[in-house]
8 protein chains.
Amino acid sequence: LRQGSPEIIFGENKTPQQISDNLIRIHAAHGKALATRVGADKAAEILATWSPGLPAPSYQPSARCLTLGLGQAASPADGERYVAVVTAGTSDLAISDEAALTLQFLGHRFVQINDVGVAGLHRLFPHLEVLQKATCIIAIAGMEGALPSVLGGLLPGPIVAVPTSTGYGIARDGETALHAMLTSCASGISVVNIDNGFGAALFAHALLRQF
Amino acid sequence: LRQGSPEIIFGENKTPQQISDNLIRIHAAHGKALATRVGADKAAEILATWSPGLPAPSYQPSARCLTLGLGQAASPADGERYVAVVTAGTSDLAISDEAALTLQFLGHRFVQINDVGVAGLHRLFPHLEVLQKATCIIAIAGMEGALPSVLGGLLPGPIVAVPTSTGYGIARDGETALHAMLTSCASGISVVNIDNGFGAALFAHALLRQF
Amino acid sequence: LRQGSPEIIFGENKTPQQISDNLIRIHAAHGKALATRVGADKAAEILATWSPGLPAPSYQPSARCLTLGLGQAASPADGERYVAVVTAGTSDLAISDEAALTLQFLGHRFVQINDVGVAGLHRLFPHLEVLQKATCIIAIAGMEGALPSVLGGLLPGPIVAVPTSTGYGIARDGETALHAMLTSCASGISVVNIDNGFGAALFAHALLRQF
Amino acid sequence: LRQGSPEIIFGENKTPQQISDNLIRIHAAHGKALATRVGADKAAEILATWSPGLPAPSYQPSARCLTLGLGQAASPADGERYVAVVTAGTSDLAISDEAALTLQFLGHRFVQINDVGVAGLHRLFPHLEVLQKATCIIAIAGMEGALPSVLGGLLPGPIVAVPTSTGYGIARDGETALHAMLTSCASGISVVNIDNGFGAALFAHALLRQF
Amino acid sequence: LRQGSPEIIFGENKTPQQISDNLIRIHAAHGKALATRVGADKAAEILATWSPGLPAPSYQPSARCLTLGLGQAASPADGERYVAVVTAGTSDLAISDEAALTLQFLGHRFVQINDVGVAGLHRLFPHLEVLQKATCIIAIAGMEGALPSVLGGLLPGPIVAVPTSTGYGIARDGETALHAMLTSCASGISVVNIDNGFGAALFAHALLRQF
Amino acid sequence: LRQGSPEIIFGENKTPQQISDNLIRIHAAHGKALATRVGADKAAEILATWSPGLPAPSYQPSARCLTLGLGQAASPADGERYVAVVTAGTSDLAISDEAALTLQFLGHRFVQINDVGVAGLHRLFPHLEVLQKATCIIAIAGMEGALPSVLGGLLPGPIVAVPTSTGYGIARDGETALHAMLTSCASGISVVNIDNGFGAALFAHALLRQF
Amino acid sequence: LRQGSPEIIFGENKTPQQISDNLIRIHAAHGKALATRVGADKAAEILATWSPGLPAPSYQPSARCLTLGLGQAASPADGERYVAVVTAGTSDLAISDEAALTLQFLGHRFVQINDVGVAGLHRLFPHLEVLQKATCIIAIAGMEGALPSVLGGLLPGPIVAVPTSTGYGIARDGETALHAMLTSCASGISVVNIDNGFGAALFAHALLRQF
Amino acid sequence: LRQGSPEIIFGENKTPQQISDNLIRIHAAHGKALATRVGADKAAEILATWSPGLPAPSYQPSARCLTLGLGQAASPADGERYVAVVTAGTSDLAISDEAALTLQFLGHRFVQINDVGVAGLHRLFPHLEVLQKATCIIAIAGMEGALPSVLGGLLPGPIVAVPTSTGYGIARDGETALHAMLTSCASGISVVNIDNGFGAALFAHALLRQF
Ligand SMILES: Nc1ncnc2c1ncn2[C@@H]1O[C@H](COP(=O)(O)O)[C@@H](O)[C@H]1O
Ligand SMILES: Nc1ncnc2c1ncn2[C@@H]1O[C@H](COP(=O)(O)O)[C@@H](O)[C@H]1O
Ligand SMILES: Nc1ncnc2c1ncn2[C@@H]1O[C@H](COP(=O)(O)O)[C@@H](O)[C@H]1O
Ligand SMILES: Nc1ncnc2c1ncn2[C@@H]1O[C@H](COP(=O)(O)O)[C@@H](O)[C@H]1O
Ligand SMILES: [Mg+2]
Ligand SMILES: [Mg+2]
Ligand SMILES: [Mg+2]
Ligand SMILES: [Mg+2]
Ligand SMILES: [Mg+2]
Ligand SMILES: [Mg+2]
Ligand SMILES: [Mg+2]
Ligand SMILES: [Mg+2]
């Protein structure tokens, strides 16, 4: 175990063969395996060439992840610690799903709350209680990235902000959201790289292991 | 009259002598004069060397402006059109005051609402009615510049966003706020240059003249 | 109605199915629907798979928009308020059309004036009267983005400047035009994001609702 | 209590008078007060003009902080939770002290470990046990900002990385360290703004309150 | 003669002593000498310590230049070639004066036309004939830098554009003007570095020597 | 004639049909026509659909230009003015050809000298005489863009520098070359946009018309 | 011989025909030839159209290089000088292979050590002896680029750092790694352009020729 | 010994007292000591408060260095290895002197060659033999930073390029020179941080120790 979890495969620069081999090897050792940043075409090729005798991975297109031996995510039971994964808009869903799948793989409970960004703050308020009870909040937003600031003003717990590449023009593929989150005037916020739902989940994992 | 108002003096690159001369000339022609971006030292020198026989300008240190013949600003009477000038934090007050003084100089009514940024959204809500009735909102914020986004989601009227150089590090002297405002996911927002309270007031002036 | 208009669909990150569903839902509720940022291929797929029993959307390739229930745009009658949508060059036409279609959708009159940028100022002068009578001007330009500055020096009304990604090299996909417009030495100008004709129209809408 | 602690004064844009007033007001209400980002000259003026009848603040020049009613920081007793505040070089000490003082103000234990950056990795190893037992690590580094990456590879707990403006040339006042930390290939790392020791402490506070 | 003219001293990084020595040496060899980028304080020190027996330089504070043996600039006689040096605003005058003095030093005729930028285009038109007859135009502007574009659309001759550091915020000390000029949609324009009136004059010199 | 030459078609954002129509229209009026920035595929489509009854354009793939009625370029006869178009490397040839074709279209003589950049300065020296006799030099270079600096130190005439997008990594698609050329320590250099061979030729044209 | 080696072909902007011709020409003169930056498709085309009578090049897909007459690389014999080519992660292997092949072409010995970056420092330690004995170290890393800093603190020899474009978001295609390496607090490090394994090998060659 | 030499003091962020203490401590241990980046005022204070009983350091204002026990630099004797330290202009001398002093401190021979940049290439040629015989060349240049490219084309040995902050406007305090050097089309060049003469000397030291 590296850092308390099986290795997770970064699929972006790997060939289908390399990803398959890694999935099989890690699954054999740990009973589960996860590959992130696997595009739809590459996933299709991996599934099409999968060895018939072996349990096959399943592909989550939104999260762009392949998983093996993962099962269904369960909702947090009463009193169980959980992470709240929140998005500003529907375009940020892919990053939320990557974070959620990574949390599930690492053995954590989570709830996903979507489309509650500043363009329609009224959609946020019904979720405040669930947010307040979370041990950690992952706040995902593109464009101007204002969601973590709003949450930081309302919630006492630690917020890991994830800027996304949603937006165009001077949104600069997520740099504007990234820099805005880093200069937030609200407190209790730290930030990870653009579109890095995986990294936010790993940080939440490092945090949750302290309990 | 250029653009429907006496010329306003841009004090930044001018000598005390040049500012004095311009104030006197414009006051003679229009009964009032305004110089923006005049630092405290330069203002002191202008006032110390002012010709005794002439009506002396008064200096507003927060707004960094010198005015001549301007009198007191009056609150908008019932039913009168007005501009709402809103700041996120107390550090943005200087830009709010520059905008307010420019609006007064141009003959408009305004209300100033301060320190209602996303770090403490609850402070914003008592002001919503006044904001909703304004013909135009000037929303001033530094750091991550989220205030216009929040207002844009709550208010139907046009919002002129002014990023400020408040903040440090990756706030980059206001560039992060500027770019965040330009990529706002809320609607009804347009943006002027960093710290340009003067420009926001002139835009509001161009808008108000259409009535 | 959010902000006084039916929701407008942002087509960029949506599947054809999602866009179709949204168009049908919004059209059912409001009698009209608009989707922006729909590329030609995606539009073709939407039209090819449209349910035969339902009124079909029409596609404006230049504006990259799908509309349903919109009819023909009418010219402003005498004395009617209108927005002037002005471009510097023919390459900026797509953004002008996006703005115009959005204005039409929101129930506003507009005139479009094209190819009057600084490379041939003489082409601008015949249009000055129409520009002076507009309640609001949307000024669209790429490359160095000088058109709003020129208009700002000539016109008293509010100018919403839209930088476009027209140009190459150090034009940086519209950033140079964006920053140039924000530092304009002319007055009465505010700015929206690169290629955001939609946002300029929504700002004009917020402004026009104040009358 | 905002976010579970008395308000902390951001001294940068405030006059000596404003800082004094705030210190007195907060101290009266909570028995303690803290002002960050107070330069040596401003602190001297505050101390010189302090009302003789009132308990005087003390100034920590390295941290650039004024405190009132704070007492001595105590080392964590056996089994007590604590934050490890680690610096790469001696130039980063000021930010470490700002973080430490803020932690103390918020009622947390901490240890400070200095000068253990990648230029001399052997200096890091004797501290590994103390680092492994910390509930949260604040890792502070300028120049290329490699310290959090090294710690992230060695430690299981959550690391809040603080880039500093130490360095010259292409260090760009901390932007290089900031961006390097955000792209770290190690896991369990999140990042705050350049020189923001205060913000890292507040994030640790949000995290520690969850226990 | 390097490049057909006596060496010109770049005063910025030189001590008063070094500048004095160079002025004397070059004046002895060529009967004239020029030092650019000499601040007011440095110039005062040079003049105060000048050897009594030698002809003393004269200082032009606006141009920040010291000259020796230069005499008065003469207007171009009828039919004589000349350079037109044009500024957008009064803040650009220093750069115009640096260019003019350098042209005079190199033995060329010039006319200076000031404050004819896009904020008040009507001020430009009375000068069109003088501009059209110039062999070369040096067009100097800060902020959005639109003047060369306007001139390029009106004039057939070669225009050397000089961006200046006039402006604030996203003007970025002249970078916005520089990049705007480089992406001009008008033709016949080339560009030199920010505030480089000297370089524009040297380019005009290289051009004029071809006759 | 705009600026003393028939309009030149900017092919980048135009459909094949639009380019064909413009070529025919301009050729009818002036006996010659030129379209720049026409990719190979677009050119093939234009040629394939060309009206059989009309004189067909010819395509220069390196220059990415279509021409009609242009004939062969002739070398400058003895004593004739000419432009020297110089490249640093073979990758810059496309921009040299665009400049050359534009010069030919505008009626000027030119010589092309290739691959004489700083990586092999000895290849430059045999061409010095031809360079010294040119009325204007167009110096084209990518990567670090040092060629104009070297030429500026050796040649008395005016040099129009064209940075190209040749290079990778921190070459940033030509920005590094652009900025390097603008800060050249050699004199007599001005600069146009990245890859803008067309613009350099138009500047040379403006310059040559003064004779 | 240019700089002590046969010319090496930069394949990026060349046609298959040009690359073939150059390979044949150089091979004829020197008995060996190398082309770098040849994509898989271009290589396939070159091989498919290769003249049957001539010795054919072989293609190394990872290094994206074509070689002719090169044979197998040999490990350094005891006491032989060698270069250590080290990567932080498997994604950097392509650049390592480009460097290695270039070194082989230039007649040098090398060892390749892979995947020893800061995410797993324990993997580095077994290689320290081999690294200490190398005459020159080429250290290749993407993302935050911390490997050269770590090596610089451990090794006395000269380290040529190569940033790679591995990473996403604010990694900015290698700029973050490049700037981090340049601001390294460790000593004995110099840096080449992003992904420039070729350039690092040529620098090592220049260094090794001094023995 | 760290990396084979006594520690060298980085004076920039240290108090006079800290620098004095370090000089004394290192001198006691090694018989020599060096502090870099010590401004003139700080040096004066150190010298004024130096303990009378101890050997006093000497200050080199150009290099901004304090040295103790260093003696005179000796020229390389026949056949001795040496480093050539070359500058483009006189403004780069300070960095050359910092490099030279560091080399001397580390026990190496060097020659300094000044003011041989591309603005006057003829000044370079008389030095070619000395440059060709150097084991390592340190090439220092500001503005467009073309000197290393020119040297790289002429010399077979390794060139460590040092960009300087000389220049204004788009020279961006050395970033343009830095990026230009990194994209040099000449071979055998690697680069260190802006103004980092010290770092270049340390790299040369790491290289020279391999003999
Ligand atoms: N604070 C300000 N920011 C930007 N422009 C200003 C400001 N104050 C005045 N101006 C404008 O500066 C111009 C006057 O410039 P000047 O002729 O230099 O006084 C006018 O167009 C004013 O509208
Ligand atoms: N072209 C456009 N540019 C920016 N925002 C748009 C555009 N078209 C629609 N929108 C906005 O996108 C939001 C709808 O997003 P969605 O829920 O993803 O369809 C609404 O706030 C619209 O006002
Ligand atoms: N204002 C200026 N801007 C840029 N370069 C200048 C300026 N004034 C003089 N120079 C150039 O600086 C160089 C002289 O530098 P130096 O040897 O340091 O005096 C010559 O190439 C001059 O042409
Ligand atoms: N390669 C080019 N780069 C920049 N501008 C060009 C180029 N080719 C033509 N143009 C200019 O583009 C304008 C014509 O644009 P259009 O009306 O879109 O054809 C004219 O001003 C031409 O001078
Ligand atoms: Mg909070
Ligand atoms: Mg709104
Ligand atoms: Mg106006
Ligand atoms: Mg870890
Ligand atoms: Mg023209
Ligand atoms: Mg020259
Ligand atoms: Mg080392
Ligand atoms: Mg070489």
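This is a short walk through metal sites, one chain interface, some salt bridges and one helix residue in a predicted model.

I'll start with the metals. The magnesium ion listed as ligand 5 takes its protein donors from chain A: the backbone-labelled O atoms of Gly152(A) and Leu155(A), lying 2.4 to 2.5 Å from the ion. How accessible are these residues? Gly152(A) is buried, at a relative accessible area of 1%. Leu155(A) is buried too, with a relative accessible area of 1%.

Chain G has a site to set beside that. Ligand 11, a magnesium ion, is coordinated by Gly152(G) through O and by Leu155(G) through O, at 2.4 to 2.5 Å. Gly152(G) has a relative accessible area of 1% and is buried. Leu155(G) also counts as buried, at 1% relative accessibility.

Next, the interface of chain H with chain E. On the chain H side, 8 residues make contact, and they meet 12 residues of chain E. The area buried between these two chains is about 850 Å², and carbon and sulfur atoms give 49% of that. Which residues of chain H lose the most area to chain E? They are Tyr168(H), Ile170(H) and Arg172(H), which together account for 63% of what the chain H side buries.

On the polar side of this interface, the count between chain H and chain E is 1 salt bridge. In it, the side chain of Arg172(H) meets that of Glu175(E), at 2.5 Å from N to O. So Arg172(H) appears twice here, as one of the residues losing the most area and as a salt-bridge partner, under the 4 Å limit used for such pairs. There are also 5 residue pairs in polar contact between the two chains, both residues being at pLDDT 80 or more. By class, the side of chain H that touches chain E has 3 nonpolar, 3 polar and 2 charged residues.

Not every pair of chains meets. Chain A and chain F do not touch, and their nearest C-alpha atoms are 15 Å apart. Chain E and chain G do not touch either; there the nearest C-alpha atoms are 21 Å apart.

Now salt bridges more widely. Over all chains the count comes to 47. One of them links Arg172(A) and Glu175(C), whose side chains meet at 2.5 Å, N to O. Why does this pair join two chains? Arg172(A) lies in the loop between strand 8 (159-163) and helix 6 (175-182) of chain A, while Glu175(C) lies in helix 6 (residues 175-182) of chain C, so the bridge runs from one chain to the other. Arg172(A) is partly exposed, at 22% relative accessible area, whereas Glu175(C) is buried, at 13%.

Two further bridges stay inside a chain. In chain B, Arg123(B) pairs with Asp115(B), with the closest N and O atoms 4.0 Å apart. Arg123(B) is partly exposed at 30% relative accessibility, and Asp115(B) is partly exposed at 28%. In chain H, Glu129(H) pairs with Lys133(H), the closest N and O atoms being 3.0 Å apart. Both of these residues lie in helix 4 (residues 128-133), 4 residues apart, about one turn of the helix. Both are exposed.

Last, a residue in chain B. Leu93(B) sits in helix 3 (residues 93-105) and is partly exposed, at 29%. Leaving out residues up to four places away in sequence, Leu93(B) touches Ser62(B), Thr87(B) and Asn114(B). Thr176(B) is 83 residues from Leu93(B) in sequence and 19 Å away in space, C-alpha to C-alpha.

Technical notes
Residues numbered from 1 in each chain as written. Chains lettered and ligands numbered in written order. Predicted model: local features only at pLDDT ≥ 70, side-chain atom pairs only at ≥ 80, totals over all residues. Heavy atoms only, no water. Donors = N, O, S within 2.8 Å, 3.2 Å for Na, K, Ca; no water. Buried < 20%, exposed > 50% of the residue type's maximum accessible area, 1.4 Å probe, protein only. Contact = heavy atoms within 4.5 Å. Buried area = accessible area lost by both parts, 1.4 Å probe. Polar contact = N/O pair within 3.5 Å; in protein donor to acceptor, adjacent residues only side chain to side chain. Nonpolar A, V, L, I, M, F, W, Y, C, P; charged D, E, K, R; others polar. Helix = DSSP H or I, 4+ residues; strand = E, 2+ residues; numbered from the N terminus.
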